[in-house]
Amino acid sequence: MLDVGMEKVMLNHRKLGYLLPWIIVVLMMLLIFNLSAQPAQNSDHLSLGVTERVIELLNQIFPSTEWNLDYLNHVVRKNAHFFIYLVLSILVQIAVKRSKIIGFKRILFVLGICVLYASSDEIHQLFVSGRGAQVKDVFIDSAGALLGIVIYWTGTKRSSLHSAKV
């Protein structure tokens, strides 16, 4: 009787171990969707707030330098695209890890998910007040996803090599 209960606990644990990474991926996608759903004015206000913080930090490092707010705001916005898709690709790789997809096919699968989501996100912005779709943003998102793939694969290969040495 105890064995049956333990088997159910183990099965539930395995299901949770499979589903939890996908739930986190969906939550990240919802975050991206919500950020993209902001009207242009709200989105600009958010990024300007971040840019002002960056300028405060830069002024501490380089006190006598003048900073172009518009230019730095553009850089902050494009870096946000890059890094959020870098994180998304790492999360997708963790979720896909339990699948039977291996090697280069897994890389293409993860990149495909990220590029398709980036494309759909740009299309979504066509319907948001003051926003529009930009192909260059899909390229920036894709570059972030690609670097995330490289970071993940490098990290997992290093840890497996380290484990083999121990």
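The buried residues of helix 2 pack against helix 3 (69-96). This is a predicted model. Helix 2 has one buried side and exposed residues on the other. Helix 4 and a phenylalanine pair are also covered below.

**Helix 2: length**
- Helix 2 runs over residues 40-61, which makes 22 residues.
- At 1.5 Å a residue, helix 2 should span 32 Å.
- Its end C-alpha atoms lie 31 Å apart, so expectation and model agree.

**Helix 2: two sides**
- Six names make up the buried list: Ala40, Ser43, Ser47, Thr51, Ile55 and Leu58.
- These residues cover an arc of only 105° around the axis, and therefore sit on the same side of helix 2.
- His45, Arg53 and Gln60 are exposed on the other side of helix 2.

**Helix 4**
- Helix 4 takes in residues 103-125, a run of 23 residues.
- The expected span at 1.5 Å a residue is 33 Å; the end C-alpha atoms are 34 Å apart, which agrees.
- Buried residues in helix 4 include Arg106, Asp121, Glu122, His124 and Gln125.
- Val110, Ile113, Cys114, Tyr117 and Ala118 of helix 4 are buried too.

**Aromatic pairs**
- Counting ring centres within 6.5 Å gives two aromatic pairs.
- Phe82 and Phe83 have ring centres 5.2 Å apart.
- Their planes meet at 80°, so the pair is edge-to-face; the cut-off for that class is over 60 degrees.
- Phe83 has 45% relative accessibility, so Phe83 counts as partly exposed.

Methods
Residues numbered from 1 in each chain as written. Predicted model: local features only at pLDDT ≥ 70, side-chain atom pairs only at ≥ 80, totals over all residues. Heavy atoms only, no water. Helix = DSSP H or I, 4+ residues; strand = E, 2+ residues; numbered from the N terminus. Expected span 1.5 Å × (residues − 1). Buried < 20%, exposed > 50% of the residue type's maximum accessible area, 1.4 Å probe, protein only. Arc of directions from axis to C-beta. Contact = heavy atoms within 4.5 Å. Phe/Tyr/Trp six-rings, centres within 6.5 Å; stacked < 30°, edge-to-face > 60°.
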